[in-house]
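Colleague: I have just opened this one and don't know my way around yet. Could you walk me through it?

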Amino acid sequence: MSSVLIVGLPLLAALVTVLDMRTRGSVWLLISVVLAQSLALLWSRRFPLTVLIVVTTLEAALVAANMELLVGFLAAACGLGAWAGHRRQRAGLALTVGMIVALVTVSVVTGDAEPGPATVGSIALIVLFAGFWGVGRLSAHHLHYSRQLEEERAYAEQRAAERERVLLARELHDILNHTLTAMVLDADATSETGDEAELREALRRQAGTGRQSLAELRRLLGVLRTAPDSILHDPLAVLPGLNELDALLSSFGESGPRVRLKQHGTFRHVDASVGQAAYRVVQESLTNVGKHAGPVDTTVSLAYAVDALTVRVTNAPPLLAAVTAGGGGLGLIGMRERVELVGGTLTAGHRAGGGFEVSATFPTRSAT
């Protein structure tokens, strides 16, 4: 319940009573006591129990003058339920019920009230007090629940933004790792064995690979510039998928792994996210083959099933002269995270007969 409404209720009730000419005592006494109650209710949020005691005492003065309103008393009960702690709420409830019972008992003993009507009135007053206290409790519960939902929404947005940043970092890693590895291997191989015509052709291949990578980098950096607060992928940008595998395999040239592409089962369209993840797995796997094994025989197989797509990259044992120092394993970690994000699984390890194999299985569904 609004604080302004709680504070204004006693004054509004007093004004209605005066205008209706129902007051049986001094108007100035009524206005003064009600104004004091409203001023006390201003502090309900900080001192709900103290305010309840003050307002109840002032209400007792009105009862003694035969001008009871009960509005300030019930507003204080609502404030107690909304803003007091559990211990203060129990103390306020016990104190109020005890005061009501004590006043009724004194009235009956002194002969000012009949036992029957006094008992019924006290029970009704206790029920009213409990009802307004419950309204305050419900209001506090709803406020706490709404704040909790807001915090959860903010946390979810933060996690989503962090995940998108990680995906962008993985995209940048895949692009730069693949491009630089392919260009370095191509340049090394051509500089040692190629003639002038082959050098020109290698330079053209490297320039084309560099331009393609720069275009992808511009796309990702454009996303970062246009959406600093909520990192979202451009829905109009065409991301590489399985249909780009031929271009990917040819980008290594003669210096890279000797790749054969095999397909098992009937070709099925897959979701864009699955296709992109599968493309990145093949890209990262072939890049690792080029870095750590050299120009060895490598097989990329796509196995289509009714509800799954399995991508397997298998390479022969590395050539002794081409083996390079092992990396930190970040490529495999990135592949596993990317595959798991779309609900798939990834395994990677050395083969029994030598070489290395990366296998990723993705769930699929019909895509139209």
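Modeller: A place to start is where F73, L80 and G81 in α4 meet R88, Q89, G92, L93, T96 and I100 in α5, contact meaning heavy atoms within 4.5 Å. Helices (H or I, at least four residues) and strands (E, at least two) are DSSP runs, numbered from the N terminus. This is a predicted model, in which local features need pLDDT of at least 70 and side-chain atom pairs count only at pLDDT 80 or more, while totals for chains, interfaces and linings use all residues. Residues are numbered from 1 along each chain as its sequence is written, and side-chain values use heavy atoms, with hydrogens and water left out.

Colleague: What kinds of residues make up that contact of α4 with α5?

Modeller: They divide into four nonpolar, four polar and one charged. Here Ala, Val, Leu, Ile, Met, Phe, Trp, Tyr, Cys and Pro count as nonpolar, Asp, Glu, Lys and Arg as charged, and the others, including Gly, as polar.

Colleague: And at what angle do α4 and α5 pack?

Modeller: Helix α4 (residues 71-83) and helix α5 (residues 86-110) pack at about 155 degrees, and their axes are 9 Å apart. That makes α4 roughly antiparallel to α5, given that angles over 145 degrees count as roughly antiparallel, under 35 as roughly parallel, 65 to 115 as roughly perpendicular and the rest as oblique. The axes are lines fitted to C-alpha atoms, for helices over the stretch in contact, and the angles run from 0 to 180 degrees between N-to-C directions.

Colleague: Switching to the sheet, what is the order of its strands?

Modeller: It is an open sheet of five strands in the order β1-β2-β3-β5-β4, with mixed pairing; two strands pair if DSSP finds at least two bridges between them. β1 (258-264) and β4 (345-350) stand at the edges with a single partner strand each, so one side of each has no neighbour in the sheet.

Colleague: Which strands pair with β3, and is β3 buried or exposed?

Modeller: β3 pairs in the antiparallel sense with strand β2 (residues 297-304) over seven bridges, and also in the antiparallel sense with strand β5 (residues 356-363) over eight bridges. V313 in β3 is the bridge partner of V300, and A308 has P363 in β5 as its bridge partner. Strand β3 (residues 308-315) is mostly covered, with seven of its eight residues buried; buried means under 20% relative accessible area, exposed over 50%, and partly exposed in between (1.4 Å probe, protein chains only).

Colleague: How do β1 and β2 pair, then?

Modeller: Those two pair in the parallel sense, over seven bridges, and Q263 stands opposite L302 in β2.

Colleague: What about salt bridges, how many are there?

Modeller: The count comes to three, a salt bridge being a side-chain nitrogen of Lys or Arg within 4 Å of a carboxyl oxygen of Asp or Glu. One of them joins the side chains of D297 and R258 at 3.0 Å, N to O, and this pair links distant parts of the chain, with D297 in strand β2 and R258 in strand β1, 39 residues apart. Another joins R312 and E357 at 3.9 Å, linking strands β3 and β5 across 45 residues.

Colleague: Where does the pair R153 and E150 sit?

Modeller: Their side chains meet in a salt bridge of 2.5 Å, N to O. R153 and E150 are three residues apart in helix α6 (residues 115-193), and are therefore separated by about one helical turn. R153 counts as partly exposed at 40% relative accessibility, and E150 counts as partly exposed at 42%.
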